[in-house]
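Me: I am new to this structure and would like a close look at a single part of it, namely the packing in its interior. Please take me through it slowly, in one connected answer.

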Amino acid sequence: MFDFAILLYLLAFLSAGFNAFLGGERYTKIATAFVSLAAVVNLSYLIARWYQFGVFSIKGLKDIFNLIILFLGVSAVYINYKVKKDGVYLFVIPVIIILGIAGFAHSSILIRRQFSSFWLAIHLPFTISGTVLFVVSALFGILYFIQEKQLKKKNFGYLYNLLPSIDMLNKINKTAMLVGFLLFTIGLLSGYIWGIYEWNGRIILTSKLLFSMITWFIFGIIIVIKKTKGMSPRDTAFSSILGIVSVVVTYIGVALFIKG
């Protein structure tokens with residue numbers, strides 16, 4: 001199923017490309033249909049694994065990549081529905097495809113210690129969906145700078161028309177960060193409760209927990225500064241890009257290089 005989902009995302013990218021270069025609304029609708037179907041396949045894969053093992057459980061990195069791709073796909077469809085710009089798919093789907101390739105490359109890597117509990121079923125989806133929205137925020141922060149450059153040069157050509165307006169990019173950037181922080185907070189708290197049950201009332205400061213707290217702290221500072229002192233759209237975009245570095249450390253550095 002995971003393989004089929006990535007194929008659908010590839011077809012969606014090609015459809016969005018056809019629409020960008022050839023025009024025609026039907027290609028956008030086709031792209032949306034492919035992304036939506038791919039997200040359903042990702043969800044079906046998750047449910048099938050749940051049914052197979054009897055509990056919500058992550059057995060390997062491929063399962064984590066599937067969750068990340070699922071939330072990215074849903075985010076892409078929603079944002080495209082709101083802004084109706086082909087650039088959304090053209091910039092988000094390549095990230096999904098890269099993650100899919102990473103999922104294939106690390107499909108044999110299994111998580112040694114298996115956990116299964118009610119709190120884990122809350123912790124992982126909320127933490128990962130929050131992380132995905134941090135990534136979306138950073139991605140649209142990058143697009144904000146690209147669009148800003150087009151405006152300064154008064155270059156209202158192909159790239160300018162492909163992307164949402166600079167105001168819409170700013171809105172997506174800050175909304176994704178705020179919602180992502182809320183979801184990540186729920187995930188972190190449920191993970192804390194899960195840890196209490198898992199470790200018999202004690203909390204063990206593992207490397208993953210440490211870097212998750214660092215991620216929460218960094219984005220928390222950004223949001224507090226924005227709410228109290230105020231931040232320009234440019235500063236918000238830059239902060240979201242800077243903050244995602246901690247997420248990269250958490251989900252790539254910890255998962256692949258740190259034994260915690």
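Reply: Apart from its neighbours within four places in sequence, Leu-72 is in contact with Val-92, Val-95, Ile-96, Leu-99, Val-132 and Val-136. The model in which these contacts appear is a predicted one. Leu-72 belongs to the largest nonpolar core, which has 52 residues, and together with Tyr-9, Val-92 and Phe-140 it touches the most other members. At least two residues of this core come from each of α1 (2–22), α2 (25–53), α3 (61–83), α4 (87–105), α5 (118–152) and α7 (166–198). Such a grouping can be read against a general tendency: in soluble globular proteins, nonpolar side chains tend to be buried together.

There is also a second, separate core of 10 residues, and among its members are Phe-134, Ala-138, Met-177 and Phe-181. Two of these residues, Phe-134 and Phe-181, lead on to the aromatic rings, for which the count comes to 4 pairs. One of the pairs joins Phe-134 and Phe-184, whose ring centres are 5.7 Å apart and whose planes stand at 45°, so the pair is tilted. Because Phe-134 lies in helix α5 and Phe-184 in helix α7, this pair ties together parts that are 50 residues apart in sequence. Both Phe-134 and Phe-184 are buried, and ring pairs link these two residues with Phe-219 into a cluster.

Another pair is formed by Phe-181 and Trp-216, with ring centres 5.5 Å apart and planes at 20°, so it counts as stacked. Here Phe-181 lies in helix α7 and Trp-216 in helix α8 (residues 207–228), so the pair ties together parts that are 35 residues apart in sequence. The two partners differ in their surroundings: Phe-181 has a relative accessible area of 17% and is therefore buried, whereas Trp-216, with a relative accessible area of 32%, is partly exposed.

Phe-181 has a further partner through its backbone, since its backbone oxygen lies 2.7 Å from a polar atom of the side chain of Thr-185. Thr-185 is found in helix α7, and because its relative accessibility is 18%, Thr-185 counts as buried.

Charged side chains can be followed in a similar way. The count of salt bridges comes to 1, and it is formed by Glu-148 with Arg-234, whose closest N and O atoms are 3.0 Å apart. This pair links distant parts of the chain, as Glu-148 is in helix α5 and Arg-234 in helix α9 (residues 233–257), 86 residues apart. Glu-148 has a relative accessibility of 12%, which is under the 20% limit, and so counts as buried, while Arg-234, at 40%, falls between that limit and the 50% limit for exposed residues and therefore counts as partly exposed.

Helix α5 also holds Gln-150, a residue that counts as buried because its relative accessibility is 11%. Leaving aside neighbours within four places in sequence, Gln-150 is in contact with Asn-155, Leu-159 and Tyr-160. Of these partners, Tyr-160 is 10 residues from Gln-150 in sequence, and the two C-alpha atoms are 6.4 Å apart in space.

Taken together, helix α5 recurs through this account: it supplies at least two residues of the largest core, carries Phe-134 of the tilted ring pair, and holds Glu-148 of the salt bridge as well as the buried Gln-150.

Terms used. Residues numbered from 1 in each chain as written. Predicted model: local features only at pLDDT ≥ 70, side-chain atom pairs only at ≥ 80, totals over all residues. Heavy atoms only, no water. Core = buried A, V, L, I, M, F, W, Y, C linked by side-chain atoms within 4.5 Å. Buried < 20%, exposed > 50% of the residue type's maximum accessible area, 1.4 Å probe, protein only. Helix = DSSP H or I, 4+ residues; strand = E, 2+ residues; numbered from the N terminus. Contact = heavy atoms within 4.5 Å. Phe/Tyr/Trp six-rings, centres within 6.5 Å; stacked < 30°, edge-to-face > 60°. Salt bridge = Lys/Arg side-chain N within 4 Å of Asp/Glu carboxyl O. Polar contact = N/O pair within 3.5 Å; in protein donor to acceptor, adjacent residues only side chain to side chain.
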